[in-house]
Structures are given as structure tokens and as C-alpha cells.
Amino acid sequence: MYNTVSELCKLADEKNTAIWEIVLENEKAVTGKSREDIFAELKVRFDVMEKSAHKALDRPHETVGNLIRGSAFTQNKYTTENGGICGPFMNRAMALALSCCEINAAMGKICAAPTAGSCGILPAVLISMKERYALEEDKVYEGMLTASGIGAVVMKNATVAGAEGGCQAECGVAAAMAAAAAVHMCGGTSAMCANACGFALMNVMGLVCDPVAGLVQLPCAMRNASQAVNALICADMALSGAPCLIPVDEIIEAMYRVGKALPSALKETAEGGLAATPEGKRISKEIFGK
């Protein structure tokens, strides 16, 4: 039904509807399921998102090497007691994202959106928006469908795998998906959703994948927190009416080219970047003894 973000937006505009409805119609056509069935499945996934985003806020969880143990707890405590420079909304979003990552590293249940390594970004944005604006759950599911449409386009034309495209393809695409969702949840147009995607991907162009000790913890969790914030500020830029001068489909293509150009040491092999620093190597040796 659509292969690019521009086609997705064009269909929405022609039918005088929103991106999520085009995605829903496509899902119904592909799966043969009803709207009610699809929304029921979205509820299941959002429930997983909520549980993982809250589970590590109140107590630390054990992970291999404990590289991010307690990160969500610390961030949440800071948020509730201080509010932070960026205010409680942004800081809570970071805490929610960190919690998902900690639960993932603790072998808990998460929703990969689009990947396990970027599992905290979309949930953090969806939950933060729901809480701040007291949104009904159906509006959240609309946001999820909006995000999934963007993710499907990227999967068709590029990649969401860190091993193929670097962290820009994991956390960057998750931020783009979340930014579009946030725009819709605030009543933005399809063009604004597309612009938000473009801004989010621009902001992380070239971001490498360099997990310390090969574990999806450091710097993955911190990037989930930062990219949740990236999604929110990009949604705001788009909602303000700011245009994304490079079309989002061209940005996706550029992201893919950049990912292909990255050396293998910077694509999830733990051979470059932070993983190759003296401290990164020491941590790896301490955990795995080699």
C-alpha cells in the first residue's frame, strides 16, 4: 500500500485521514484481522512496554556485569526529588527509557520497537505523552500504529540493525518512530509527523554501535534515554511548523548509505568506539576474563 513516508503521507492526505489509519487499513488487509483484533494486540504490546518501563524505577535489577544496574532507579529518584535541569517531564522520560533497557539486560520481558537495543525509546515517549496529556489508551495505540508505519518504511528501504547500520539504525530509527507518534498524539498533521522523523534521524546521522564488552547496556541505555528526549524535541520542532528541508525518505536513504560506509568495528562488534577504550577493554576483561 505504501513504500515510502511520502507515499504514506500522500495516502493520508488524499483520504483526509491520519497516518495511523492508513497503517491500520494495511494491517487489516495483510493479516485479515479486524480493527478490534489489532487494537487488542496493540494493548498486549503496550502493557509489556508499561511494565518494563516501570519495573526498574523502584529497585535495581541484576544484569551481566551490572553496567547499568540501578540507572533507572537513580534517574527516577533524581526526577522526583529534584525535577532536573530539563524538568520532570523530560527526566521521567529518560527514567522510563532506562528502565526498559535495564529490564532487557536483566533478561526480562520487553517490546522490541524496533529492536531490543532500542526498546526504551518508543515506550518512554508513549507513556510520557499519555501521562502528561491524560490520553485515552486508543490515542496511544494510534501513536503506536503511526510509529509502526515509519518503522516498516525504514525496514523496507534501509535497516534497523546496529550490526548493519550502526546505532543510528537502532536508536535513531526508534527516535524517528517515537517522534512521529508524539506528533500525532498532539494532533499534528501527517506532514508534521514526517518532519519529526526527519529531524530525529538528522540528529543521529552516523551514530556508531559500540557496546562495551559486547553487551547491550553501555552506552545503549544512555542512548535510549537521550533518544527519547531527541524524539520529544523533534516532535516539538515539527509541531511548531518548522520544515524539514531534506525529505525524510532521502534522510532514510542517506542513513542507510552512512551505515554501509561505517567500518565493521563500529557496527556491534565491540571492536571500536567506547568498547575499544582502555576502560572499555578493562570492563570486558573483568566480566569475561579475556
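So, let me start at the smaller of my two topics, the second largest pocket: α9 (167–185) and α11 (220–239) each give at least two residues to its lining. One thing to say straight away is that this is a predicted model.

Staying with that pocket, which helix gives the largest share of the lining? That's α9, with three residues. The lining has 15 residues, and Glu 170, Cys 209, Val 216, Cys 220 and Glu 268 are the ones nearest the centre. If you sort the lining by class, you get nine nonpolar, two polar and four charged residues. The space in there comes to about 180 Å³.

Okay, on to the largest pocket. Here we have about 530 Å³ of space. Its lining is made of 22 residues, and nearest the centre you'll find Leu 42, Arg 45, Met 144, Ser 148 and Met 177. Three helices each put in at least two lining residues: α2 (19–31), α3 (35–55) and α7 (137–157). Of the elements involved, α7 has the largest share, with seven residues. And the chemistry? We're looking at 15 nonpolar residues, four polar ones and three charged ones in this lining.

Keep α3 and α7 in mind, please, as they come back with the aromatics. How many aromatic pairs does the count give? Three. Take Phe 39 and Tyr 141: the ring centres are 5.8 Å apart and the planes stand at 85°, so we call this pair edge-to-face. Phe 39 belongs to helix α3 and Tyr 141 to helix α7, so the pair ties together parts of the chain that are 102 residues apart in sequence. Are these two buried or exposed? Phe 39 is buried, at a relative accessible area of 8%, and Tyr 141 is buried too, at 4%.

Tyr 141 has another partner, Phe 46. Those ring centres are 6.5 Å apart with the planes at 75°, so that pair is edge-to-face as well. Phe 46 also lies in helix α3, so with Tyr 141 in helix α7 the pair ties together parts that are 95 residues apart in sequence. Both Phe 46 and Tyr 141 are buried. Now bring in Trp 20, and you have the whole group: Trp 20, Phe 39, Phe 46 and Tyr 141 form one aromatic cluster.

Phe 39 has something else going on. The charged end of Arg 35 sits over its ring, 4.8 Å from the centre. You can find that kind of arrangement elsewhere in the model: the charged end of Arg 132 sits over the ring of Phe 89, at 4.4 Å from the ring centre.

Let me zoom out for the last bit. What is the chain built from, in terms of helices and strands? It has 13 helices and zero strands, so if you read the elements from the N terminus on, you just say alpha each time. The C-alpha atoms fill a box of roughly 60 × 45 × 40 Å along the principal axes. For 290 residues, a compact globule would have a radius of gyration near 19 Å, and the chain comes in at 18 Å, which agrees. As for burial, 55% of the 290 residues count as buried.

If you take one picture away, make it Tyr 141 on α7, paired edge-to-face with Phe 39 and with Phe 46. Okay, over to you for comments.

How values were computed: Residues numbered from 1 in each chain as written. Predicted model: local features only at pLDDT ≥ 70, side-chain atom pairs only at ≥ 80, totals over all residues. Heavy atoms only, no water. 1 Å grid on protein atoms, 1.4 Å probe; cavity = no way out; pocket = protein on both sides within 12 Å on 5 of 7 lines; lining within 4 Å. Points joined across faces, edges and corners; volume = space filled by probe spheres on them. Helix = DSSP H or I, 4+ residues; strand = E, 2+ residues; numbered from the N terminus. Nonpolar A, V, L, I, M, F, W, Y, C, P; charged D, E, K, R; others polar. Phe/Tyr/Trp six-rings, centres within 6.5 Å; stacked < 30°, edge-to-face > 60°. Buried < 20%, exposed > 50% of the residue type's maximum accessible area, 1.4 Å probe, protein only. Lys NZ or Arg CZ within 6 Å of the ring centre and 35° of its normal. Rg over C-alpha atoms; globule rule 2.2 N^0.38 Å.
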